[in-house]
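These are my notebook entries on a structure that I had not examined before. I set down each item as I looked it up.

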Amino acid sequence: MPAAENRFKTAIHAGKPQIGLWLDMGEAITAEIAGTAGFDWLVIDGEHGPNDLRSIMAQLRVIEASGTPAVVRLPMGEDWAIKQALDIGVQSLLIPFVESAGDAARLVRATRYAPHGHRGVGAALARA
């Protein structure tokens with residue numbers, strides 16, 4: 001089954017101006033309100049907002065219902081965090097402190113299955 005279209009990335013690649021909002025309250029209700037406000041994208045901030053995997057997942061669910069693309073900013077570029085984010089359905093990740101091409105290549109490998117990466121199979125949970 002092919003992955004769903006990533007409307008955020010499609011719009012960026014097409015050069016369409018985008019207006020979005022950063023969510024850093026860690027609450028699904030504020031994400032739901034923002035999701036219905038007409039933004040082109042929403043960022044769930046896990047680096048500076050009081051978010052953990054469960055609060056990110058709750059916000060993703062209500063944002064997904066609104067049809068607004070969501071981007072998740074993780075607090076760090078650790079493989080395990082990237083894998084967990086993908087397993088709960090994150091389509092777009094924003095990773096802080098990527099300072100070299102080598103850093104970027106390592107992070108991309110965490111999103112790919114073998115032989116192109118080292119993402120594990122979590123078939124019961126994987127949504128993205």
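**Entry 1: Leu23.** I began with Leu23 and found this residue in strand β1, which covers residues 20–23. I must note at once that the model is a predicted one. Is Leu23 buried or exposed? I recorded a relative accessibility of 7% for Leu23, so this residue counts as buried. I then listed its contacts, setting aside neighbours within four places in sequence. Leu23 is in contact with Thr30, Ala31 and Ala34, with the run Leu42, Val43, Ile44 and Asp45, and also with Asn51, Gln59 and Ile63. I also took one distance from Leu23, to His116. The two residues are 93 apart in sequence, and their C-alpha atoms lie 33 Å apart in space.

**Entry 2: the chain as a whole.** I next counted the elements and found five helices and four strands in the protein chain. In what order do the elements run from the N terminus on? I read the order as α-β-α-β-α-β-α-β-α. For overall dimensions, I noted that the C-alpha atoms fill a box of roughly 40 × 35 × 35 Å along the principal axes. I compared the radius of gyration with what a compact globule of 128 residues would have, a value near 14 Å; the chain has 14 Å, which agrees. Of the 128 residues, 34% count as buried. I also looked at contacts between residues at least 6 apart in sequence, and 53% of these join residues at least 24 apart.

**Entry 3: helices α2 and α3.** I turned to helix α2, residues 28–35, and its packing with α3. The axes of these helices come within 8 Å and cross at roughly 20°. An angle under 35 degrees counts as roughly parallel, and α2 and α3 are therefore roughly parallel to each other. I recorded the crossing of α2 past α3 as right-handed. Which residues meet there? From α2 I listed Ala28, Ala31, Glu32 and Gly35, and from α3 Ala58, Gln59, Val62, Ile63 and Ser66. By character, the residues of this contact are five nonpolar, three polar and one charged. I noted that Ala31 of α2 and Gln59 and Ile63 of α3 take part in this contact, and that Ala31, Gln59 and Ile63 are also among the contacts of Leu23.

**Entry 4: Ser55.** I stayed with helix α3, where Ser55 lies. Its relative accessibility is 14%, and Ser55 therefore counts as buried. Beyond residues up to four places away in sequence, I found that Ser55 touches Gly26 and Pro50.

**Entry 5: helices α4 and α5.** I then examined helix α4, residues 79–87, against helix α5, residues 101–111. Their axes are 9 Å apart, and the packing angle is about 40°. I therefore entered α4 and α5 as oblique to each other. Their crossing is right-handed. On the α4 side the contact is made by Asp79, Ile82, Lys83 and Leu86, and on the α5 side by Arg106, Leu107, Ala110 and Thr111. I sorted the residues of this contact into four nonpolar, one polar and three charged.

**Entry 6: the buried residues of α4.** Which residues of α4 are buried? I listed Ala81, Ile82, Ala85, Leu86 and Asp87. These buried residues pack against α3, strand β4 and α5. I looked more closely at Ala85, which has a relative accessible area of 2% and is therefore buried. Leaving aside neighbours within four places in sequence, I found Ala85 in contact with Leu53, Leu74, Val90 and Leu93. The C-alpha atoms of Ala85 and Gly26 are separated by 15 Å, with their positions 59 residues apart along the chain.

**Entry 7: the backbone.** I closed with three points of backbone geometry. Just after α4, Gly89 takes a positive phi of about 110°. Phe97, in the loop between β4 and α5, has a phi near 60°, a positive value in a residue other than glycine. At 63% relative accessibility, Phe97 counts as exposed. In the segment after α5 I found Pro115. The peptide bond from Ala114 to Pro115 is cis, with omega near 10°.

Definitions and conventions. Residues are numbered from 1 along each chain as its sequence is written. This is a predicted model: local features need pLDDT of at least 70, side-chain atom pairs count only at pLDDT 80 or more; totals for chains, interfaces and linings use all residues. Side-chain values use heavy atoms; hydrogens and water are left out. Axes are lines fitted to C-alpha atoms, for helices over the stretch in contact, and angles run from 0 to 180 degrees between N-to-C directions. Helices (H or I, at least four residues) and strands (E, at least two) are DSSP runs, numbered from the N terminus. Angles under 35 degrees count as roughly parallel, over 145 as roughly antiparallel, 65 to 115 as roughly perpendicular and the rest as oblique. A crossing is left-handed if the near helix is turned anticlockwise from the far one by less than a right angle, and right-handed if clockwise. Contact means heavy atoms within 4.5 Å. Ala, Val, Leu, Ile, Met, Phe, Trp, Tyr, Cys and Pro count as nonpolar, Asp, Glu, Lys and Arg as charged, and the others, Gly among them, as polar. Buried means under 20% relative accessible area, exposed over 50%, partly exposed in between (1.4 Å probe, protein chains only). The radius of gyration is taken over C-alpha atoms; the globule rule is 2.2 Å times the number of residues to the power 0.38.
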